[in-house]
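Please work through the exercises below with the sequence and the model side by side. Each one sets a task and then solves it step by step.

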Amino acid sequence: MKIKYNFRIPAGAFLMLLLFFSCDKQQEKEVQANDSVEGHKDLAKFVDPMIGTAKMGHTYPGATVPFGSVQLSPDTDTIPYAVDGKYNPDVYKYCAGYQHDDNTIVGFSHTHFSGTGHSDLGDFLVMPTTGDLKLNPGTEDNPDSGYRSRFSHQNEQAEPGYYKVLLEDYGIEAEMTATTRVGMHRYTFPEKATTHVILDLMSGIYNYDDKNVWTFLRVENDTLITGFRQTNGWARTRKVFFAMSFDKPIKNYGRARYDNQPYNGFWRKFDQDENFPEVAGEKIRMYFDFDMEPGEELQIKLAISPVSSEGALKNMKEEIPHWNFEKVREDAYKEWNRELNKVLVEVENDAEKTNFYTAMYHAFLGPTEYMDVDGKYRGLDMNIHQAEDFTNYTSFSLWDTYRALHPLFNILQPQRNSDMVSSMLAHYDQSVHKMLPVWSHYANENWCMIGYHSASVISDAMVKGVAGFDQEHAMEAMVQTAKTGYYDGLEYYMAKGYVPEDKNGASVSKTLEYAYDDWAIAQAAKKLGKDKIYDEFIQRSENYKNVYDSESGFMRPRLDDGSFKKEFDPLNTHGQGFIEGNAWNYSLYVPHQPAEMIEMMGGKAQFTQHLDSLFTMELPDRYFADTEDISREGIIGNYVHGNEPSHHVAYLYNWTDAPWKSQDKIRMVLKDQYQTGADGLGGNDDFGQMSAWYIFSSFGFYPVAPGSTAYALGSPAVKRAEIKLDNGEKFTIIAENQSAENVFVTKVELNGKVLESPFITHNDIMSGGQLKFYMSSEPNKDIYSKKSN
């Protein structure tokens, strides 16, 4: 479909368009001529940051580095969180600030989440303009009423660590790059004009009228601005400091203030609207004017800090002490290549290679570093702490990422994952509740979702030998967290062995997830030889049995009196005791005891038929219409891949007598739910969890129960993959006779020995070696049996 845009292009913009495309072609030639970057293969060229920026993917296209604090990216609208005091569902599309279908850009802000289903951030939005000064962003329907600009995807480029777009209303070429804590802008102007740089301190993602608690800004000299803002949103006491530097002196500057404070003290003696160097208020927009010649560039560096503007300035001086934009861009690109070269794959075509390395890119976007270059960071207690012997991280989307992302880090990023555990333990130490993080960001616990899945992440690291944190302290933190009775129905769970639906909603999901987390704690206790803790939590881990209804064959909400809830629809995702799922999918959530679950549900034959039905039956739209995190694009039959609770389900065939049935299902999901293009993801990427599933499943194995050292085998999508491990070993995966049609596995060999069960261990991987799959278009129904071998 062709979209028609009505926009004006100022004089000189046609020259800018010509330069835009000629530069792209030159850069493309240079990339083709150089297939390696400082000894690494140039794998970053296969990454497409646009994947997931449309519909439900909720990814952003802007510039960032691996696990970077800054995500400098365009925001394409100003949809508010609430309208007339009520939640505005349209805001959901803008969790990452950017929607691919939009045709205007409001500006470029410095902090974004990747792939989440709720949001915050969008700090320090910058927008260059020319002509009449406008301090209102305008609307998508009437962009001329504000400072936003029309743009076209034809004049847009995104690559790891770099973003470029033509702001068509002004003819300005906007370029972005980044280091860990600093975003760098470069704006090229088409004609001599008075230029305005808007710094919108009111703008934000999931914004509402009173979200800004306070903003403060100082004009330190004619090139340096410092300040902070504090917001009350998903994180209710979030404070971010900044330092902003221009490479050209400011000509004039001023502010617009949109809040009406009843008390302003004696500041009224000053004219604070123009050229006044100190600005404070709840709702502030600033502008800075420059005289620019045709073709002249204006560069900006904006550093952030969780601690102070002094910390932000130190971050800037340490990370970008110069004005060489191209060097920053090249360094970011090299940094991405270093991370992507941890895995070398051979696949069927470039589209699959793009999907694979974009999944790695998305998986390495977070959690993000949260401390200054000197190791200082703001803690959960709002005090300033010093990170000793670890890098502090934030933005733990744990309900999502415990499943596959953190297990992936235990293979590809063990040191980072160890530091992430240390960050969780610091959170615990600073918590007045004495709890590990549930969903935390920017020195705040936001309590989103359910479970205490920090325990899963910590246990998985411990049993897999990822060291570098205090394991005794970790054990204490897990046990204490799991015994915090006033948290989300835990008091009922500990007393009754389940969460009653009439006392606490989403009760079945909570019971099931608490049981799994308890099992993970038990595994860590076993590793440390703590028998008493092991016995207690392994018993708690069987509480899933208390919400199984043998009459219906599903997990079902129970009431406080012990009876099952009468009104029950196993297809409905809303109001049935489950969170972001239905009974068909959530009833399969016993990842720690699948064999026992299968026996409880009628045995292997009956369970196999049940799984078959899940993938082939139809789930009408009405059953998920009230659940915004589930959409048609993420559903196959009644299997909901676009949300996390089902991510292990296809692998459950490995505990039946038909493990071969997992193979074509996994390949179907890989093909259906992960494609190139802006709308290539079937659901929220959820801070890399969806991408981690893709990576593991492309390898041919998956961590069904983190906290176990076992991985369940599936059907690899790669022809060959070489995993370079931090310990110096290499683990190689080979798929003989691989093709789009050959989705079944006839035989698997580990280091030349035929496997008789569909599992490998973490030690198998970390010791190095070769995992070889033999592929076919027909299933081997006796695979993993002595008869087959």
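**Exercise 1: two packed helices**

Helices H7 and H8 are oblique to each other, a class for angles left over once those under 35 degrees (roughly parallel), over 145 (roughly antiparallel) and 65 to 115 (roughly perpendicular) are taken out. The model is a predicted one, in which local features need pLDDT of at least 70 and side-chain atom pairs count only at pLDDT 80 or more, while totals for chains, interfaces and linings use all residues. Residues are numbered from 1 along each chain as its sequence is written, and side-chain values use heavy atoms, with hydrogens and water left out.

Task: find at what angle the axes of H7 and H8 cross, and which residues of the two helices meet.

Solution. Start with the elements themselves: helices (H or I, at least four residues) and strands (E, at least two) are DSSP runs, numbered from the N terminus. The axes of H7 and H8 (residues 454-463) cross at roughly 135 degrees and come within 10 Å, where axes are lines fitted to C-alpha atoms, for helices over the stretch in contact, and angles run from 0 to 180 degrees between N-to-C directions. Next, look for contacts, meaning heavy atoms within 4.5 Å: Asn 417, Val 421, Met 424 and Leu 425 in H7 meet Ser 454, Val 457, Ile 458 and Ala 461 in H8.

**Exercise 2: the span and setting of H7**

Task: compare the expected span of H7 with the distance between its end C-alpha atoms, and decide whether H7 is largely enclosed or open.

Solution. The expected span is 1.5 Å times one less than the number of residues, so the 17 residues of H7 (residues 414-430) should span 24 Å, and this agrees with end C-alpha atoms that are 24 Å apart. For the setting, buried means under 20% relative accessible area, exposed over 50%, and partly exposed in between (1.4 Å probe, protein chains only). Because 15 of the 17 residues of H7 are buried, the helix is largely enclosed by the rest of the structure.

**Exercise 3: a residue in a loop**

Task: locate Phe 390 and state which residues it touches.

Solution. Phe 390 lies in the loop between strand S25 (384-386) and strand S26 (393-394), and its 16% relative accessibility makes it count as buried. Leaving aside residues up to four places away in sequence, Phe 390 touches Met 371, Tyr 377, Asp 419, Ser 422, Ser 423 and Ala 426.

**Exercise 4: a six-stranded sheet**

Task: give the order of the strands in the open sheet of six strands, and follow the pairing of S41.

Solution. The order is S22-S36-S37-S41-S38-S39, with mixed pairing; two strands pair if DSSP finds at least two bridges between them. The edge strands, S22 (343-346) and S39 (753-754), each pair on one side only. Strand S41 (residues 769-776) pairs with S37 (residues 730-736) in the parallel sense over six bridges, and there Ile 734 stands opposite Lys 772. With S38 (residues 744-750), S41 pairs in the antiparallel sense over six bridges, and Val 748 has Phe 773 as its bridge partner.

**Exercise 5: the two faces of a strand**

Task: say which residues of S8 point one way and which the other.

Solution. In a regular strand the side chains alternate between the two faces of the sheet. From S8, Leu 125, Met 127 and Thr 129 point one way, Val 126, Pro 128 and Thr 130 the other, and all are buried. With six of the six residues of S8 (residues 125-130) buried, the strand is therefore largely enclosed by the rest of the structure.
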